Amino acid sequence: MIAPDVVLGADVVIHHPQLVNLYGCRIGDATRIGTFVEIQRGAVVGRFCKISSHTFICDGVTLEDGVFVGHGVMFTNDRVPRALTPDGRLQTDADWQLVRTRVARGASIGSHATILPGVTIGEGALVGAGAVVTRDVPPHAVVAGVPARVVGNVERTAEHTQPTPDRSAPRTTGLERSFR
């Protein structure tokens with residue numbers, strides 16, 4: 001369901017509009033949204049983002065331009081979640097404090113990562129699959145683990161990435177290189 005109060009930019013692609021839940025959010029131009037995604041009221045998604053299936057983006061989350069969010073990523077916005085108040089009443093919006101989260105331009109979040117409230121994921125950073133982000137991630141850092149820790153730098157990692165192999169070249173096992 002896409003509620004009437006959703007603000008969609010130009011050329012937004014929602015692959016299966018009947019299989020998403022978007023309400024009260026803003027989605028920037030040319031963003032792509034997969035199936036079974038929920039984006040809540042108050043969330044802001046920038047331009048040229050990709051939100052993969054089964055992802056939950058709650059109120060208080062801002063994704064800047066060019067952010068990639070993998071499958072099944074979970075954002076949270078409450079540091080002390082409770083169903084009831086201390087006197088036993090069901091909590092209302094007045095009984096908890098919204099904690100905002102920001103994902104800066106060009107950052108990428110791997111599948112099944114969980115992002116705790118109040119963090120900033122820096123520009124161009126990379127969050128590994130399954131990581132639990134409990135504190136700010138510096139720009140261009142690679143973080144992984146539970147809790148997520150800096151394990152590298154995107155710019156240095158890119159320098160060591162091998163180019164795509166030539167599919168027309170003879171196939172090797174890789175052992176040939178190790179014995180040279």
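Here are some questions and answers about strands and salt bridges in this predicted model.

Visitor: Happy to be here! Is N153 buried or exposed?
Guide: Welcome! N153 sits in strand β20, which covers residues 149-153. The cut-off for buried is under 20% relative accessible area. N153 has 17% relative accessibility, so N153 counts as buried.

Visitor: Which residue offers its backbone nitrogen to the side chain of N153?
Guide: Leaving aside residues up to four places away in sequence, N153 touches H140 and V142. The side chain of N153 also reaches a backbone nitrogen at 2.8 Å, and that nitrogen belongs to E155.

Visitor: In which sense do β19 and β20 pair?
Guide: Let's start with the other pairing of β19 (residues 141-144): two bridges join β19 to β17 (residues 126-127), and those strands run parallel. There, V127 has V143 as its bridge partner. With β20, A144 of β19 is partnered by R149. The β19 and β20 pairing has four bridges, and its sense is antiparallel.

Visitor: Which residue in the hairpin of β19 and β20 takes a positive phi?
Guide: This hairpin has four residues between the strands. The positive phi is near 100°, and the residue that takes it is G145.

Visitor: On to charges! Which residue meets D65 in a salt bridge?
Guide: The structure holds five salt bridges. In the one with D65, N and O are 3.2 Å apart, and the partner is R47. The pair links distant parts of the chain, with D65 in the loop between β10 and β11 and R47 in the loop between β7 and β8. D65 is partly exposed at 26%, and so is, at 37%, its partner R47.

Visitor: How many residues apart in sequence are the parts tied together by R102 and E64?
Guide: The side chains of R102 and E64 meet in a salt bridge, at 2.8 Å from N to O. R102 lies in strand β13 (residues 101-103) and E64 in the loop between β10 and β11, so the pair ties together parts that are apart in sequence by 38 residues.

Visitor: Is D87 exposed or buried?
Guide: D87 forms a salt bridge with R89, with the closest N and O atoms 3.3 Å apart. R89 counts as partly exposed at 43% relative accessibility. The cut-off for exposed is over 50%, and D87 has 56% relative accessibility, so D87 counts as exposed.

Visitor: Which residue is linked with D87 and R89 in a network of salt bridges?
Guide: Side chains of opposite charge can pair when their charged atoms come close. D87 and R89 form one such salt bridge. The residue linked with them in the network is D95.

Terms used: Residues numbered from 1 in each chain as written. Predicted model: local features only at pLDDT ≥ 70, side-chain atom pairs only at ≥ 80, totals over all residues. Heavy atoms only, no water. Buried < 20%, exposed > 50% of the residue type's maximum accessible area, 1.4 Å probe, protein only. Polar contact = N/O pair within 3.5 Å; in protein donor to acceptor, adjacent residues only side chain to side chain. Contact = heavy atoms within 4.5 Å. Pairing = 2+ DSSP bridges. Salt bridge = Lys/Arg side-chain N within 4 Å of Asp/Glu carboxyl O.
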